[in-house]
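This briefing goes through selected features of one protein chain, grouped by topic. The sequence and the structure come first.

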Amino acid sequence: MALIDDIPKNFEPKDVCDTIYAKWEAGGMFRADPNAGGEPYSIVIPPPNVTGSLHMGHALNNTLQDVLVRYKRMDGFNTLWVPGTDHAGIATQWIVEKQLRAKGIDRRAMGREAFLETVWAWKAESGGTITHQLRKLGVSCDWSRERFTMDEGLSRAVIDVFVRYYEEGLIYRAERLINWDPIGLTALSDLEVEAEEGAAGALWSFAYPLSAPAPDAEGNVVTEVIVATTRPETMLGDTAVAVHPDDPRFKHLIGKTVRHPILDREIPIIGDAILVDPSFGSGAVKITPAHDFNDFEVGKRHNLPMINIFNLDATVNANGGPYQGLDRFVARDQVKAKIEELGLFRGSQPHVLNLPRSQRSGAIVEPMLSTQWFVRMQPLAGPALAAVEHGFTKFVPKAWENTYYSWMRNIKDWCISRQLWWGHRIPAWYDPEGKAYVGRSEEEVRQKNGLAADLVLRQDEDVLDTWFSSALWPFSTLGWPDKTQDLAKYYPTSVLVTGFDIIFFWVARMIYSGQHFMGQVPFKDVYIHALVRDEHGQKMSKTKGNVVDPLESIALYGADAFRFTLVALAAQGRDILWSSARAEGNVKFQNKVWQAFRYTMMQLDGWDPTAPATLSPYDHWILARMGEAVRRVRAALDEYRFNEVAAELYSFTWDELCSWYLELTKATFKGEDPSPEAEAARQGTRGTLHAVFHGLVRLLHPIMPFLTEELWGRLPRTEGSVMTAAFPKAADYPNDPAALIEVKALQEAIVEVRRVRSAMGLADRKPALIARCADPALLRRHLGALRDLCGVEAVEQGGPGGVVATIVVQGQEVYLPLDGVIDVDAERARLDGQLQKGDKDIEALERRLSGGFREKAPANVVAEFEAKLAKSLDERERLQKARAMLG
């Protein structure tokens, strides 16, 4: 049976991908062995939320990681890719609470233990969704090492870190201003707060009456100070009015007071050059230290009272006087009405707001003064800054280092406590007098502090911010705090692949955590990929209806074409504009590879690797070009230039292998010449075809794992999985400068002859042409290729004569006689007519684009007309060249 007989005409991903992946996983192909040889190469997956489903960001991020891991695994490295998921405290609790509320159940009525049992049950049933979806993408994670931020080992690491930080004075409990979710009733990290951009609001101005009128420098009596706010209800918590100390309008008022018109208390006027901009608004700013982050800092600088006016559900508390018990927005309207009634309203104007909303509950977040647990950041930030400054960790692209520096140099202490039940419970216990004791367990707390067995201790109700456990991910997943083989072998990890939006929230925290507890940075490189947007550059969102589902794309295009598209679009420092047209094009590329393989297998039927073989210039050429492709792919992979990897693979496969080499081999296999020389040439070309495909399949594997596994299993003289085959080296493919020069000349001749045929409206190979030049030796050596690829039947020695088309090949003029091939007079008339029509079209397009059209018309319409003009100009140039040939 011929080799090609059992190869389907087309590659059908749906028929093979699941089977291939199951074999990989069952065969332990992804498992790392710390006892094996090879330089370690390790990656920890950015753990997706256990609540999540695969989105385009996940697809891009994990495809790029998989490309790197598969490349390094094939290149002889001892690779480990650790998968896992994050417990996602607030997101998970919110989902389960929502399900319970739908059944009329309140978690508080259930109690903590029963609620947590429910969450664990939900996790067991639904928490593995995204890891199963990642398998569809083809990722080669070591699933035997899958971790979860709340599994037993990682939970022990989290508690250990908390206790160590506390004992070192790096964790403390204090009253500070935090983001508060009044529906979820918990503190929020900045990442859990989303800005609702463009919300309509108003900047509302009112007057604070001076406690006593005060003359200014010119003797004018000042009786009030005007301030403005977008949240009038917060004036109930105002404890100062700030002005710039050098502002001549107000400097004489510093130290005096205004009277609160509703609560009848005195409020000082203070000078603060840091907050107040004299040129903005009235130049005076109301200060509410308990409900505004900037005002909180002012309050600390000036030792102001901090009056909290809200209950945890954002209703007004007793400090709000007559508005106690009202919802904050109802209080807002009533405060405004009262100010107007008192004659202190000074106008309002529309103001566009960025409303901070809780990512989960949707509530407008309230800055709230609250007693929470914090990490002291300055001692940790210094070494983390130095690690990047001195190159121990490098960002790619390097520009992202500036973002890292900016955040780290302006770092504030980190609020790590959350008012949730799902998460790592804070390891602190309180005695009846409220004194806190920190330890790994209640037993340790009692032993360490000599507490009596009958002393009642109550554990802190709060849990830790999810990012606290995520910060430990690179070493906790490897077994820390135990001294494991994995930790010794694979830490520090090689690279982190992540998005720019969590450089501070996660990347920075992992860097200082790794330094502090492991004495080394957690990764050598940080590759920051861009955002995946829709084809128009818009951010994907459900409300816009422009979300691309990666699972649907995988079903439509196949995982390999989908992955290839993501990699091809992943240019450093540039957002990715998803293109379904590119994906469809890469399905064609996938099929092109498959058809080229079928052609190769058809020719390999007669291959005998032991038979005498001679290589043609084309064989030498493709091997040299293969070596150059390998060199470029390796260099691009090593420097995280993913899009260039895809571009090189596409260009070599489609343009050089398929469009040139495979076409050039057809002459070798034509006819039945039985001579030993002809058979040796055929064997040489068969061996070259095998060598090139043997290398190409390995070269493509990191991006297109399923296709290449299928090809590898069918290619003769291969063993095992392509995943464990050696990645090609440039040295495997000998360079041959002479063959490169000779084939380049042939390519020039064929391209130029084809151009002449196109210009004259002739078919690709008929009628036959004759080529004439002073030195025909090179072209005569390749007459078979010229005949097959551009219809040149003979190459003669001589010069121009009659009507000819002149082309240039390697600096030598080559003449193509046209007498008898075309009707020269008719062709002249045809080209003249086309040129006249083209000139009219160009004139009309230029007229359309003038007179302010570019400024007035929509950008897409302008682009459309400019593209038409460019195409028309190119066509005119082509026609002019063709007309010039005919004299």
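Strand 5 (residues 171-181) and strand 14 are antiparallel partners, joined over 10 bridges. The model is predicted. The points below start from strand 14, pass to helix 9, and then take up the nonpolar cores, a small sheet and a loop lysine.

**Strand 14 and its partners**

- Within the pairing with strand 5, Leu177 is placed opposite Leu369 of strand 14.
- Strand 14 also runs antiparallel to strand 16 (residues 414-415), to which two bridges join it.
- Val375 has Trp414 in strand 16 as its bridge partner.
- Nine of the 10 residues of strand 14 are buried, which leaves the strand mostly covered.
- In general, strands of a sheet pair through backbone hydrogen bonds, in a parallel or an antiparallel manner.

**Helix 9**

- Helix 9 covers residues 328-341, 14 residues in total, and its first and last C-alpha atoms are 20 Å apart, close to the 20 Å expected at 1.5 Å a residue.
- Which residues of helix 9 are buried? They are Arg328, Ala331, Val335 and Ile339.
- These four lie on the same side of helix 9, because the arc they cover around the axis is only 70 degrees.
- An α-helix has 3.6 residues a turn, so residues three or four places apart point the same way.
- The cover over the buried residues of helix 9 includes strand 7 (193-215), strand 13 (345-358) and strand 14 (366-375).
- At the N-terminal end, helix 9 is capped by Asp327, which has a side-chain oxygen 2.9 Å from the backbone nitrogen of Phe329.
- Gly343, just after helix 9, has a positive phi of about 75 degrees.

**Glu401 in helix 11**

- Glu401 belongs to helix 11 (residues 400-409).
- Is Glu401 buried or exposed? Its relative accessible area is 6%, so Glu401 counts as buried.
- The Glu401 side chain comes to 3.4 Å from the backbone nitrogen of Phe395.
- Beyond residues up to four places away in sequence, Glu401 touches Val388, Lys394 and Phe395.

**Nonpolar cores**

- The largest nonpolar core has 199 residues, of which Tyr404, Met408, Phe468 and Trp578 touch the most other members.
- Helix 21 (residues 642-669) gives the most to this core, contributing 12 residues.
- A second core, separate from the largest one, holds 36 residues, among them Ala187, Trp204, Tyr208 and Val258.
- With neighbours within four places in sequence set aside, Tyr404 contacts Ala384, Leu385, Val388, Phe395, Ile503, Ala508 and Ile511.
- In soluble globular proteins, nonpolar side chains tend to be buried together.

**A three-stranded sheet**

- An open sheet is formed by three strands in the order 19-18-20, with antiparallel pairing.
- Strand 19 (436-438) and strand 20 (458-459) are the edge strands; each has a single partner strand, so one side of each has no neighbour in the sheet.
- Strand 18 (residues 428-430) and strand 19 run antiparallel and are joined by three bridges.
- Ala428 has Val438 in strand 19 as its bridge partner.

**Lys670**

- Where is Lys670? Lys670 is in the loop between helix 21 and helix 22 (676-700).
- The side chains of Lys670 and Asp788 are joined by a polar contact of 3.0 Å.
- From C-alpha to C-alpha, Lys670 is 19 Å from Phe597, and the two are 73 residues apart in sequence.

Methods
Residues are numbered from 1 along each chain as its sequence is written. This is a predicted model: local features need pLDDT of at least 70, side-chain atom pairs count only at pLDDT 80 or more; totals for chains, interfaces and linings use all residues. Side-chain values use heavy atoms; hydrogens and water are left out. The expected span of a helix is 1.5 Å times one less than its number of residues. Buried means under 20% relative accessible area, exposed over 50%, partly exposed in between (1.4 Å probe, protein chains only). The arc is that of the directions from the helix axis to the C-beta atoms. Contact means heavy atoms within 4.5 Å. A polar contact is a pair of N or O atoms within 3.5 Å; within protein, one must be able to donate a hydrogen and the other to accept it, and residues adjacent in sequence count only if both atoms are side-chain atoms. A nonpolar core is a set of buried Ala, Val, Leu, Ile, Met, Phe, Trp, Tyr and Cys residues joined through side-chain atoms within 4.5 Å. Two strands pair if DSSP finds at least two bridges between them.
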